[in-house]
Every structure is written in C-alpha cells, then in structure tokens.
Amino acid sequence: LDMEKDLRNALSNKEFILYYQPLINLKTGKIIGLEALIRWLHPKKGMIAPNEFIPFAEGSSAIIDIGEWVIHEACRQLKQWYDMGLPQVYIAINLSARQLRHQDITDKIIHIVNEMGIDGGNLLFEITENVAMHDLRQSIHTLNMLKSVNMRIALDDFGTGYSSLNYLKKLPIDMIKIDKSFVQDITKHHDEKFIAKTIIDLAHNMDVIVTAEGIETENQYKILREYDCDLGQGYLFSKPLPAEEIEELLLSGK
Ligand code: G
Ligand code: G
Ligand code: MN
Ligand code: NA
C-alpha cells in the first residue's frame, strides 16, 4: 500500500523516465526500432530498475496510470524525433496484464496516438504469455482492435512461459522475441543450441517475425544471421539509453 502511494507520488512528481534500447535489422545492421524501458529516478535512492517497482505497480491500479504515462511519453518522443527529421523507427512498449485487461485500453491508446499525431504503424506492443493467460478471449479481442489500427503485437520472453506454443497459435501476434536464455544457448555444444533455430523456423512458417533478445557477442550475431533471424537486441548493439543518446545514434546513421 505504501509502495502504491510512493508510485503515485513519483508519477505526479515526474520521477519516471524512459530509456530506449535499439532493435537491429540483423541483415542490414541498421536500427529499425526502439524498446521503451521505464526507470524511476528517485530523488534519494537514485535510478531504480523496473524489476524493482513494476511488479508492485502491477499489484495495484497504479500500473494503469504508469502504463498510460509510458504510452504518452513514448508517443510524444516519437513525434519529436519525427519532427526533427530523424530516420523513422518504431517504438515497442511493454504492456502489463492489468493494462491489457483494462476496458479503456484501446480507446486510451488511440486517443494518445491521435493527440500526438503519430502513425499507429509506428507502435508495437510487447506482451508476455502470462498477460494473455487471465482472459484469452478478451486479450485476443483487445489485440485485434490494436491491429485494426495498424499497431503490431510481439510476444515477449518467448519460450519461458507455460504454454508458449499455445499462445503462438492463438494470439494475433506479428513478432516473437526469443528469450535471451535461448540466445545464450546457441554457442553451446549441447542439444539446446538448436532451440533458437527451431523457434525461428516455426515462427517463419506462421508468418511471424523473430527478434532475438540479449545478443552480447559477435559469434551469437553471426549464428543468428545464419539462422535467418530477423531482428536483434542486446548489449552487442547497444544497452538501453536515454533519449539524447538515442538521438545521436540515429543521427549517426547507424
Ligand atoms: O530495462 P530492463 O531491462 O531492466 O527491464 C526489465 C523488465 O522490466 C523488462 O523486461 C520489461 O518487461 C519491464 N519493463 C520495462 N519497462 C516497462 C514498462 O514501461 N511497462 C511494463 N509493464 N514493464 C516494463
Ligand atoms: O521486456 P524485457 O524483459 O525483455 O526487457 C529486456 C531486458 O533485458 C531489459 O531489462 C534489458 O536491460 C535487458 N537486456 C537488454 N539487452 C541485454 C543483453 O544483451 N544482455 C542481458 N543480459 N540483458 C539485456
Ligand atoms: Mn520487452
Ligand atoms: Na523480453
């Protein structure tokens, strides 16, 4: 309860900030998207990572308001970069279970997008399997509404949940993000090194794009390119960065 109050105070005191981590087209090596990742700039404790407060926010309605701020801020930033003439990229936004279940979610998102004057096609929403678990039919309905205005959907942390293949089959998704644990496996000398390749082929057979998460080495990059993986994200390319540093990166033409 105290945490909920702290989170609401942080929101009204504008203590949250978005970092952005580039998504790379593995064939061209160019940035084609950015994942928005929230941080809490606490006046006393300094920067707090999302893993330390998002789970608490998800336990209350605070996640609805924080989540709405994230969407608003990401869209505002996207519009600003567009007006500056920077190369066009899409922005990926993480959605929590509670947000997806919230009745107003599609109206809210469409309202923000219209208010900011951006194209829905430049937004992608990341959900995890547990997000859809609560109410599959409602989740599918909401995701289809977002897709009807050109927004795209990614299944995040793919392979780590209880029923990844079931969700891959049932949810209207455009992309899966292979969890970094499978990316780490691809350079091992065990059978598990084939899991990433198998996921990539499976997704492609279903017309789903694949992003590999947590790419840290040139060797992983090389193997994933050989596996025909579409996009990649990880420290090899860039860690999550504040907006000013992303600007420099986009201006440098990378
Ligand atoms: O930035 P970092 O790698 O520490 O993020 C850790 C996790 O926090 C991410 O995997 C993501 O699921 C979650 N996260 C980051 N930003 C947001 C956000 O804006 N909303 C939600 N719901 N989760 C987020
Ligand atoms: O939404 P999701 O939980 O997938 O967020 C991605 C998380 O993974 C963030 O916390 C981000 O900081 C982290 N991350 C991004 N790139 C790398 C990487 O190359 N290696 C590792 N270990 N973590 C990464
Ligand atoms: Mn994510
Ligand atoms: Na992930």
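# Exercises on a predicted model

Helix α3 (residues 62–83) packs against helix α5 (residues 105–116) at an angle of about 25°, with the axes 10 Å apart. These values come from a predicted model.

**Exercise 1.** Classify the relative direction of α3 and α5, give the hand of their crossing, and list the residues that make the contact.

*Solution.*
- Step 1. Two packed helices are described by the angle between their axes and the distance between the axes.
- Step 2. The angle between α3 and α5 is about 25°. Angles under 35 degrees count as roughly parallel, so α3 and α5 are roughly parallel to each other.
- Step 3. The crossing of α3 past α5 is right-handed.
- Step 4. On the α3 side the contact is made by E68, I71, H72, C75, R76 and K79, and on the α5 side by K108, I109, I112, V113 and M116.
- Step 5. Sorted by class, this contact has six nonpolar, one polar and four charged residues.

**Exercise 2.** Do the same for helix α1 (residues 2–12) and α3.

*Solution.*
- Step 1. The two axes come within 10 Å and cross at roughly 25°.
- Step 2. That angle makes α1 roughly parallel to α3.
- Step 3. Here the crossing is left-handed.
- Step 4. α1 contributes E4, L7, R8 and L11 to the contact, while α3 contributes A62, D65, I66 and W69.
- Step 5. The contact of α1 with α3 has five nonpolar, no polar and three charged residues.

**Exercise 3.** Describe how α5 packs with helix α7 (residues 136–148).

*Solution.*
- Step 1. The axes of α5 and α7 come within 10 Å, and the crossing angle is roughly 20°.
- Step 2. α5 is therefore roughly parallel to α7.
- Step 3. α5 passes α7 in a right-handed crossing.
- Step 4. The residues in contact are I105, T106 and I109 of α5 with T142, M145 and L146 of α7.
- Step 5. Four of these residues are nonpolar, two are polar and none is charged.

**Exercise 4.** Which residues lie around ligand 1, and how do they divide by class? Treat ligand 2 in the same way.

*Solution.*
- Step 1. Around ligand 1 are L37, I38, A49, P50, N51, I54, V70, N94, S96 and P240.
- Step 2. This shell has seven nonpolar, three polar and no charged residues.
- Step 3. Ligand 2 has 14 residues around it, of which N94, G214, E216, G234 and Y235 come nearest.
- Step 4. The shell of ligand 2 divides into four nonpolar, five polar and five charged residues.
- Step 5. N94 is listed around ligand 1, and N94 is also among the nearest residues to ligand 2.

**Exercise 5.** Locate N150, D157 and G159, and decide how exposed each one is.

*Solution.*
- Step 1. N150 lies in the loop between α7 and β6. Its phi is near 75°, a positive value in a residue other than glycine.
- Step 2. N150 has 12 C-beta neighbours inside 10 Å. A residue with 12 or fewer is exposed, so N150 counts as exposed.
- Step 3. D157 is found in strand β6, and its phi, near 50°, is likewise positive in a residue other than glycine.
- Step 4. With 19 C-beta neighbours inside 10 Å, D157 counts as partly exposed, because a buried residue needs 20 or more.
- Step 5. G159 is in the loop between β6 (152–158) and α8 (164–170). With 18 C-beta neighbours inside 10 Å, G159 counts as partly exposed.
- Step 6. Leaving out residues up to four places away in sequence, G159 touches S164, I178, D179, F182 and I199.

Definitions and conventions:
Residues numbered from 1 in each chain as written. Chains lettered and ligands numbered in written order. Predicted model: local features only at pLDDT ≥ 70, side-chain atom pairs only at ≥ 80, totals over all residues. Near = placed C-beta within 6 Å. Nonpolar A, V, L, I, M, F, W, Y, C, P; charged D, E, K, R; others polar. Axes fitted to C-alpha atoms, helices over the stretch in contact; angles between N-to-C directions. Helix = DSSP H or I, 4+ residues; strand = E, 2+ residues; numbered from the N terminus. Parallel < 35°, antiparallel > 145°, perpendicular 65-115°, else oblique. Left-handed = near helix turned anticlockwise from the far one by under 90°. Contact = placed C-beta atoms within 7 Å.
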